[in-house]
Amino acid sequence: MGIKGEKMCLTSYLCTRRCRIKNHGERRGRIKFEIQIIFMSEVIFTNEVDVVLQKYLRTTGTEQVFILMDRGSKEHCIDFFPEGLFNSGYTITIASGEQYKSLESASEIWSILTAHNAKRNSVLVNIGGGIVTDVGGFAASCFKRGMRYINIPTTLLAQVDASIGGKTGINYGGYKNEIGTFSTPECVIIDNRFLKTLSKRHILSGFAEMLKHALLSEAESLMELLDIKLDQVDSTAFLQMIKDSVTVKEAIVKADPREKGIRRALNFGHTVGHAIESVAIANGVDIHHGDAVAYGMVAELYLSVKKLDFDTRYYEALKDFVGSAYPSYSPVAGTEELYGIMLNDKKNERKGVNFTLLHNPGEFETDVYCTKNEIYEALAQLGHLTL
């Protein structure tokens, strides 16, 4: 058994934390709290992104607006916006694909901003999926030591995860998000009408993060998502589900903006998932982020069953859903190679591999270190994910 972290229930943790701050930072147990000023993005849920964006830009008082898109969002999403928006601003277009979440793409953005004499109070509007919001946020956070930016996520993955929480980054040296910053957009505008432009596989990629948030929240939310039909993603009801998912992430980020404690819970499924995704990217294998996270959650829930007595009913329910809804798992590398990548994970603070695992839906434990044999056994479970 590895050294364990602090067992936490999301609801009680946040309530307790508020009480401790009210009592002048009283310390209890092993969690240290610091009173700090936290700047969170304004998140707007709408079915009128064009109206909301124009109204918001008028409040910024800026004379320069830069629009960042990739080729995919420019092709499929430009009709959601008034033509005047692009005539009055500078449009920057980067190539689509995970391989372009790179230093070269950030450098391309900086070159255009510099060429047009962008100021720190200029506004960069990132319109696209997680690659656009990650690269655009990173470029904005570094340019002149920080310029203003807005995220308009057009994929489900970006709406419930990548554009929320202030993490920006690029891939480097074959590793996911190896270089990045904590930088908060001024505003995030979420319009689920964009989702009708996506394939079901892209929807499932974002849906994996919604499942993760439900696991971190409560059993009822998890079972509701496992029963959902993903054919009405532009409905008002689904927009509410997106809002509920974002609320879980926002609550965690507000409690721990710099990932010193409870925010590590959001890494659930990502230790294994990022290892799978990193190898796939390096080898040119077609895999979506959500596919890798879904596989990662199955492996890490298995570890939760073995180490923290997680209820096997929920484990089996999730495994069955992933096995039926997501592509069958095809090993992208040997177990030894995946384990080696996990050893390089930035969450590790000592020898071994650091996980967030669950006792129950809504009750989790960060900083759980697992042995090599335990991880190998968990990875073996992915071989059972077949249609």
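Helices and strands are taken here as DSSP runs, numbered from the N terminus, with at least four residues for a helix and at least two for a strand. By that definition, the chain in your viewer, which is a predicted model, has 15 helices and eleven strands.

**The whole chain**

Begin with everything selected, and colour the chain by how far each residue is covered. Of the 387 residues in the chain, 57% are buried, while the accessible surface comes to about 17200 Å², with 49% of it belonging to carbon and sulfur atoms. If you then turn to the contacts with a separation of 6 or more, 77% of them are accounted for by residues 24 or more positions apart.

**Salt bridges**

Side chains of opposite charge can pair when their charged atoms come close. The structure holds 17 salt bridges, and a few of them make good stops.

Select Asp-134 and Lys-101, whose side chains meet in a salt bridge with 2.7 Å from N to O. This pair links distant parts of the chain, 33 residues apart, since Asp-134 is in helix 6 (residues 130–142) and Lys-101 is in the loop between strand 4 and helix 5. Asp-134 counts as buried because its relative accessibility is 10%, and Lys-101 counts as buried at 3%.

Next, select Lys-212 and Asp-161, which form a salt bridge at 4.0 Å, N to O. Here too the pair links distant parts of the chain, with Lys-212 in helix 8 (residues 200–217) and Asp-161 in helix 7 (residues 156–162), 51 residues apart. Add Glu-209 and Lys-249 to the selection, and you will have a network of salt bridges that links them with Asp-161 and Lys-212.

For a pair within one helix, select Lys-319 and Glu-316, whose closest N and O atoms are 3.5 Å apart in their salt bridge. Both residues lie in helix 13 (residues 312–325), three residues apart, which is about one turn of the helix. Lys-319 counts as buried at 17% relative accessibility, whereas Glu-316, at 34%, counts as partly exposed.

**Two buried residues and their contacts**

Move to Ser-304 in helix 12 (residues 289–308), a residue that counts as buried because its relative accessibility is 0%. Its side chain reaches the backbone oxygen of Glu-300 at 2.9 Å. Leaving aside neighbours within four places in sequence, the contacts of Ser-304 include Phe-268, Phe-310 and Leu-357.

Then select Val-353, which lies in strand 10 (residues 353–360) and is buried, with a relative accessible area of 0%. Show its C-alpha atom together with that of Leu-343, and you will find them separated by 5.6 Å, although the two residues are ten apart along the chain. Not counting residues up to four places away in sequence, Val-353 touches several others, among them Leu-343, Tyr-369 and Cys-370.

**Cysteines**

How many disulfides does the structure hold? The structure holds zero disulfides. Two cysteines to select are Cys-187, buried with a relative accessible area of 0%, and Cys-370, buried with 6%.

**Strand 8 and the surface**

Finish by selecting Ile-179 in strand 8 (residues 175–182), which counts as partly exposed because its relative accessibility is 32%. Ile-179 forms a nonpolar patch on the surface with Leu-103 and Tyr-172, and together they have about 260 Å² of accessible area. Asn-177 has its place in strand 8 as well, and its phi is near 50 degrees, a positive value in a residue other than glycine. As a last selection, Asp-367 in strand 11 (residues 363–370) has a positive phi of about 60 degrees, although it is not a glycine.

Notes:
Residues are numbered from 1 along each chain as its sequence is written. This is a predicted model: local features need pLDDT of at least 70, side-chain atom pairs count only at pLDDT 80 or more; totals for chains, interfaces and linings use all residues. Side-chain values use heavy atoms; hydrogens and water are left out. Buried means under 20% relative accessible area, exposed over 50%, partly exposed in between (1.4 Å probe, protein chains only). A polar contact is a pair of N or O atoms within 3.5 Å; within protein, one must be able to donate a hydrogen and the other to accept it, and residues adjacent in sequence count only if both atoms are side-chain atoms. Contact means heavy atoms within 4.5 Å. Patches are made of residues with over 30% relative accessible area and no salt bridge: like charges are joined within 9 Å, nonpolar side chains (Val, Leu, Ile, Met, Phe, Trp, Tyr) within 5 Å. Accessible areas come from the Shrake-Rupley method with a 1.4 Å probe; for residues, only the protein chains shown count as cover. A disulfide is a pair of cysteine sulfur atoms within 2.5 Å.
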